[in-house]
Amino acid sequence: MKKTGTQTIETERLVLRRFVMEDAPDMYRNWASDPEVTRYLTWPAHTGPEITSMILKEWIPQYEQGDFFNWAIIYKENSEAIGNISVVKVQESIDAADIGYCLGRAYWGRGIMPEALKAVIDWLFEEAGMNRVAATHDRNNPKSGKVMQKAGMQYEGVLRQAGRNNQGICDEVWYSILRSEWEKKGR
Ligand SMILES: CC(C)(COP(=O)(O)OP(=O)(O)OC[C@H]1O[C@@H](n2cnc3c(N)ncnc32)[C@H](O)[C@@H]1OP(=O)(O)O)[C@@H](O)C(=O)NCCC(=O)NCCS
């Protein structure tokens, strides 16, 4: 893998870019404070905007690291930060990245996350030199699996009671795409 760090990616409707402190109000309002968004996530909904600011203060210095990949999803139509997509785990020895994502509820059901995930997958193969890109979702959150399918990932299997999120211990459904598959489908 190449330690390129987080770089801006543009799609038809979105700009994926580094977070800045000024994103805190959008992030808090659009997704981080919403327990419906965090239902199947590992972190609790933020109970005040100061929590969001604290998280951004932790993230932003990490952009100095070449293996920190964390994008704010900006909706071009209104220029708001509406979600987050990031590499939650890198395994340098096998050039592998696991991706996580979340989107403000007002923006669900418009194919926004599939558009973001597809672009991030392309970028991780093309620019960051990954060989494997994977993602997992709680078995009870199948619409996240839909996103993975729409982005061209392949179902791998279920790790039973292998994770914990805000709902407790959960079964992890895994999807991935390999460089060889990505090259074959001509992106
Ligand atoms: C999962 C998530 C990323 C989906 O993103 P999205 O941009 O809405 O994805 P899509 O528009 O492709 O919709 C995916 C599925 O959600 C369902 N959906 C659509 N609109 C919906 C709505 N208004 N409310 C609830 N579900 C809806 C549909 O089943 C859809 O599949 P379909 O297009 O085949 O019918 C988003 O719902 C989200 O951020 N959820 C909370 C955080 C989360 O669970 N992250 C994933 C952790 S693994």
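**Helix packing, sheet and core: worked exercises**

Helix 1 and helix 2 cross in the right-handed sense; a crossing is called left-handed if the near helix is turned anticlockwise from the far one by less than a right angle, and right-handed if clockwise. Helices (H or I, at least four residues) and strands (E, at least two) are DSSP runs, numbered from the N terminus. The model is predicted: local features need pLDDT of at least 70, side-chain atom pairs count only at pLDDT 80 or more, and totals for chains, interfaces and linings use all residues. Residues are numbered from 1 along each chain as its sequence is written.

**Exercise 1.** State the confidence of the chain, and find the elements with the lowest and the highest mean pLDDT.

*Solution.* Step 1: pLDDT is the predictor's confidence in each residue, from 0 to 100. Step 2: the chain averages 97, and 99% of the residues score at least 70. Step 3: among the elements, the lowest mean, 96, belongs to helix 5 (residues 179–184), and the highest, 99, to strand 3.

**Exercise 2.** Describe how helix 1 packs on helix 2, and how far helix 1 is covered.

*Solution.* Step 1: take the geometry. The two helices pack at an angle of about 115 degrees, with axes 9 Å apart. Axes here are lines fitted to C-alpha atoms, for helices over the stretch in contact, and angles run from 0 to 180 degrees between N-to-C directions.

Step 2: list the contacts (C-beta atoms, placed from the backbone, within 7 Å). A24, P25, M27, Y28 and A32 of helix 1 meet P49, T52, S53 and L56 of helix 2.

Step 3: count burial. A residue is buried if 20 or more other C-beta atoms lie within 10 Å of its own, exposed if 12 or fewer, and partly exposed in between, with C-beta atoms placed from the backbone. Helix 1 (residues 24–32) has 7 of its 9 residues buried: A24, D26, M27, Y28, N30, W31 and A32. Their cover includes helix 2 (49–59), strand 4 and strand 5.

**Exercise 3.** Work out the strand order of the sheet, its edges, and the pairings of strand 5.

*Solution.* Step 1: two strands pair if DSSP finds at least two bridges between them. The sheet is open, has 8 strands with mixed pairing, and follows the order 1-2-3-4-5-6-8-7. Its edges are strand 1 (9–10) and strand 7 (154–165), each of which pairs on one side only.

Step 2: on one side of strand 5, strand 4 pairs with strand 5 in the antiparallel sense over 8 bridges. V87 has I99 in strand 5 as its bridge partner.

Step 3: strand 5 (residues 96–103) also runs parallel to strand 6 (residues 132–138), joined by 4 bridges. In strand 6, A96 has R132 as its partner, and D98 has A134.

**Exercise 4.** Which residues of the largest nonpolar core touch the most other members, and which element gives the most to this core?

*Solution.* Step 1: such a core is a set of buried Ala, Val, Leu, Ile, Met, Phe, Trp, Tyr and Cys residues joined through C-beta atoms within 7 Å. Step 2: the core holds 45 residues, and those touching the most other members are I73, I85, I99, A116, L117, V120 and L124. Helix 3 gives the most, with 10 residues.

Step 3: place the helix. Helix 3 (residues 112–126) lies across several strands, including strand 2 (14–17), strand 3 (70–75) and strand 4 (80–91), and runs at about 160 degrees to strand 5.

Step 4: check one member. Residues up to four places away in sequence aside, I73 touches L14, L16, A81, I82, G83, N84, I85, L103 and A116.

**Exercise 5.** Are K76, S79, D95 and L159 buried, partly exposed or exposed?

*Solution.* Step 1: K76 sits in the loop between strand 3 and strand 4. K76 is exposed because it has 12 other C-beta atoms within 10 Å. Neighbours within four places in sequence aside, K76 contacts R13, L14 and V15.

Step 2: S79 is found in the loop between strand 3 and strand 4, and its phi is positive, near 60 degrees. With 10 other C-beta atoms within 10 Å, S79 is therefore exposed.

Step 3: D95 lies in the loop between strand 4 and strand 5, a hairpin with 4 residues between the strands, and takes a positive phi near 50 degrees. D95 has 18 C-beta neighbours inside 10 Å, so it counts as partly exposed.

Step 4: L159 belongs to strand 7. L159 is partly exposed because 14 other C-beta atoms lie within 10 Å. Residues up to four places away in sequence aside, L159 touches D171, E172 and W174.

Key:
Contact = placed C-beta atoms within 7 Å.
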